[in-house]
Amino acid sequence: MQMKPEMLGDALVRLRRAQGQLASVIESIEEGDDCAAVLTQLAAVSRALDRAGFKIVATGMRYCQSARDSGDEPPMTEQELERLFLALA
């Protein structure tokens, strides 16, 4: 399935936010910040990545259903999308 930015706008926003949070985690480690603060930031990065992944899978599922509704064969099945996502998690 082709990844199109216009289909995944919200996921891209989430990924950019996670990118900023990860940069903050790296900076905190380099500066020797408190372990609890670093772990809290790292947990936020993890949640942001999970949400972006779920958004991408949901978008793919909607795309597949839309293709099927219009009589086309979708590039992937919903099960393939789910397996791919879960295999990487």
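How are α1 and α2 oriented relative to each other, roughly parallel or roughly antiparallel? In this predicted model, the axes of the two helices cross at roughly 160°. Angles over 145 degrees count as roughly antiparallel, and α1 and α2 are therefore roughly antiparallel to each other.

**Packing of α1 against α2**

Two packed helices are described by the angle between their axes and the distance between the axes. Here the axes of α1 and α2 come within 9 Å, and α1 passes α2 in a left-handed crossing. On the α1 side, the residues that meet α2 include Leu-15, Leu-22 and Ile-29, along with Asp-10 and Arg-14. Among their counterparts in α2 are Val-38, Leu-42, Val-45, Leu-49 and Ile-56, as well as Arg-51 and Lys-55.

**Helix α1**

Helix α1 covers residues 9-30, 22 residues in total, and spans 32 Å from its first C-alpha to its last, close to the 32 Å expected at 1.5 Å a residue. Its residues sort by accessibility as follows.

| Set in α1 | Residues |
|---|---|
| Buried | Ala-11, Ala-18, Val-25, Ser-28 |
| Exposed, on the face turned away from the buried side | Arg-16, Gln-19, Glu-30 |

The buried residues of α1 are thus Ala-11, Ala-18, Val-25 and Ser-28. Viewed down the axis of α1, these buried residues fall within an arc of 95°, so they line one face of the helix. What covers them includes α2 (35-69), and Ala-11, Ala-18, Val-25 and Ser-28 are among the α1 residues that meet α2.

After α1 comes Gly-32, whose phi is positive, near 75°.

How values were computed:
Residues numbered from 1 in each chain as written. Predicted model: local features only at pLDDT ≥ 70, side-chain atom pairs only at ≥ 80, totals over all residues. Heavy atoms only, no water. Helix = DSSP H or I, 4+ residues; strand = E, 2+ residues; numbered from the N terminus. Expected span 1.5 Å × (residues − 1). Buried < 20%, exposed > 50% of the residue type's maximum accessible area, 1.4 Å probe, protein only. Arc of directions from axis to C-beta. Contact = heavy atoms within 4.5 Å. Axes fitted to C-alpha atoms, helices over the stretch in contact; angles between N-to-C directions. Parallel < 35°, antiparallel > 145°, perpendicular 65-115°, else oblique. Left-handed = near helix turned anticlockwise from the far one by under 90°.
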